[in-house]
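Please work through the exercises below with the sequence and the structure open beside you. Each task is followed by a solution that goes step by step.

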Amino acid sequence: MREKLTQSDVEKIEKEIEHRKLIVRKEAIEAVKEARAQGDLSENFEYYAAKKDKNKNESRIRYLERMLKTAVIVSDQSNEDEVGLNNTVTVAFEEDGEEETYRIVTSIRGNSLKGLVSIESPLGKAILGHKTGERVQVVPDHGAGYYIIIKNIEKTNDEENDRIRSY
């Protein structure tokens, strides 16, 4: 699946790749060398742990590079009065009037437990581009849909976006 990333997401991922290649990789190689120098490799737990850490780092680098290679760059710009990426949105559920607040984010940052709703989720797809006061139908992949009313939209600055990133 092709990830949808903002330019800011791409920059953060590039920084992580660089950090992993220049710092973490060197530390992991050094840890493997030190563990290997302890002698018998057949019962050397430190050696296997160091190799495992080194391999996890290399796997993460390959994963991030593949993600960047196949990613679709999306804009986080939106009109002042409509729901866009990185906006905080308060919605009211029509059936019970309960209000919830969510931040609309790209798919790699989605975390419903933290109120971060992906633009790929049924709720994210439904409200993206809509305006305050609009009634929107949310249709999940399974089951019946429901209606929400967009109560409030707040634009988010880059500082706030950086605080919620979890790479």
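The pLDDT is the predictor's confidence in each residue, on a scale from 0 to 100. It is needed here since this is a predicted model.

**Exercise 1. Confidence**

Task: State the mean pLDDT of the chain, and find where the pLDDT is below 50.

Solution: Begin with the whole chain, for which the mean pLDDT is 86, with 93% of the residues reaching 70 or more. Then turn to residues 162-167, over which the pLDDT is below 50. In the model this stretch has 16 contacts beyond near neighbours in sequence.

**Exercise 2. The sheet**

Task: Work out the order of the strands in the open sheet, and name its edge strands.

Solution: The open sheet is formed by 5 strands, and reading across it gives the order β5-β4-β3-β7-β6, with mixed pairing. Strands β5 (116-118) and β6 (135-138) are the edge strands, since each of them pairs on one side only. From one strand to the next, the twist averages 45 degrees.

**Exercise 3. Strand β3 and its partners**

Task: Describe how β3 is joined to β4 and to β7, and decide whether the faces of β3 are covered or open.

Solution: Take β4 as the starting point: strand β3 (residues 88-93) and strand β4 (residues 99-105) run antiparallel and are joined by 5 bridges. Within this pairing, Thr88 stands opposite Arg103, while Val89 has Tyr102 as its bridge partner. The two strands form a hairpin with 5 residues between them, and in the turn Gly97 has a positive phi of about 75 degrees.

Next consider β7, which runs antiparallel to β3 and is joined to it by 6 bridges; here the bridge partner of Ala92 is Ile149.

For the faces, recall that in a regular strand the side chains alternate between the two faces of the sheet. In β3, Thr88, Thr90 and Ala92 lie on one side and Val89, Val91 and Phe93 on the other, and all of these are buried, so that both faces are covered. The count agrees with this, as 6 of the 6 residues of β3 are buried.

**Exercise 4. Nonpolar cores**

Task: Identify the residues with the most contacts inside the largest nonpolar core, and name the elements that give two or more residues to it.

Solution: The largest nonpolar core has 18 residues, and Ile127, Ile148 and Ile150 are those with the most contacts inside it. Two or more residues come from each of β3, β4, α3, β6 and β7 (146-154). Ile148 serves as an example: leaving aside residues up to four places away in sequence, its contacts include Val91 and Phe93, Leu123 and Ile127, and Val136 and Val138. Ile148 also touches Glu94, Glu134 and Arg135. A second core, separate from this one, has 8 residues, among them Leu5, Ile17, Ile61 and Met67.

**Exercise 5. Salt bridges across the sequence**

Task: Find how many salt bridges there are, and explain which parts of the chain are tied together by Arg60 and Glu16 and by Lys131 and Asp81.

Solution: The count comes to 7 salt bridges, for which a side-chain nitrogen of Lys or Arg must be within 4 Å of a carboxyl oxygen of Asp or Glu.

In the pair of Arg60 and Glu16, the closest N and O atoms are 2.9 Å apart. Arg60 belongs to helix α2 (residues 45-70) and Glu16 to helix α1 (residues 7-36), so this salt bridge ties together parts 44 residues apart in sequence. Arg60 is partly exposed at 26% relative accessibility, whereas Glu16, at 12%, is buried.

In the pair of Lys131 and Asp81, the N to O distance is 3.5 Å. Lys131 is in the loop between α3 (122-127) and β6, and Asp81 is in the loop between β2 (72-73) and β3, so parts 50 residues apart in sequence are tied together. Both are partly exposed, with relative accessible areas of 35% for Lys131 and 40% for Asp81.

A further salt bridge joins Arg135 to Glu94, with the closest N and O atoms 2.6 Å apart. Arg135 is in strand β6 and Glu94 in the loop between β3 and β4, 41 residues apart. Finally, salt bridges that share partners join Glu16, Arg20 and Arg60 into one network.

**Exercise 6. A residue of helix α2**

Task: Decide whether Asn57 is buried or exposed, and list what it touches.

Solution: Asn57 is placed in helix α2. Its relative accessible area is 3%, and buried means under 20%, so Asn57 is buried. Not counting residues up to four places away in sequence, Asn57 touches Arg20, Val24 and Arg25.

Methods: Residues are numbered from 1 along each chain as its sequence is written. This is a predicted model: local features need pLDDT of at least 70, side-chain atom pairs count only at pLDDT 80 or more; totals for chains, interfaces and linings use all residues. Side-chain values use heavy atoms; hydrogens and water are left out. Two strands pair if DSSP finds at least two bridges between them. Helices (H or I, at least four residues) and strands (E, at least two) are DSSP runs, numbered from the N terminus. Axes are lines fitted to C-alpha atoms, for helices over the stretch in contact, and angles run from 0 to 180 degrees between N-to-C directions. Contact means heavy atoms within 4.5 Å. Buried means under 20% relative accessible area, exposed over 50%, partly exposed in between (1.4 Å probe, protein chains only). A nonpolar core is a set of buried Ala, Val, Leu, Ile, Met, Phe, Trp, Tyr and Cys residues joined through side-chain atoms within 4.5 Å.
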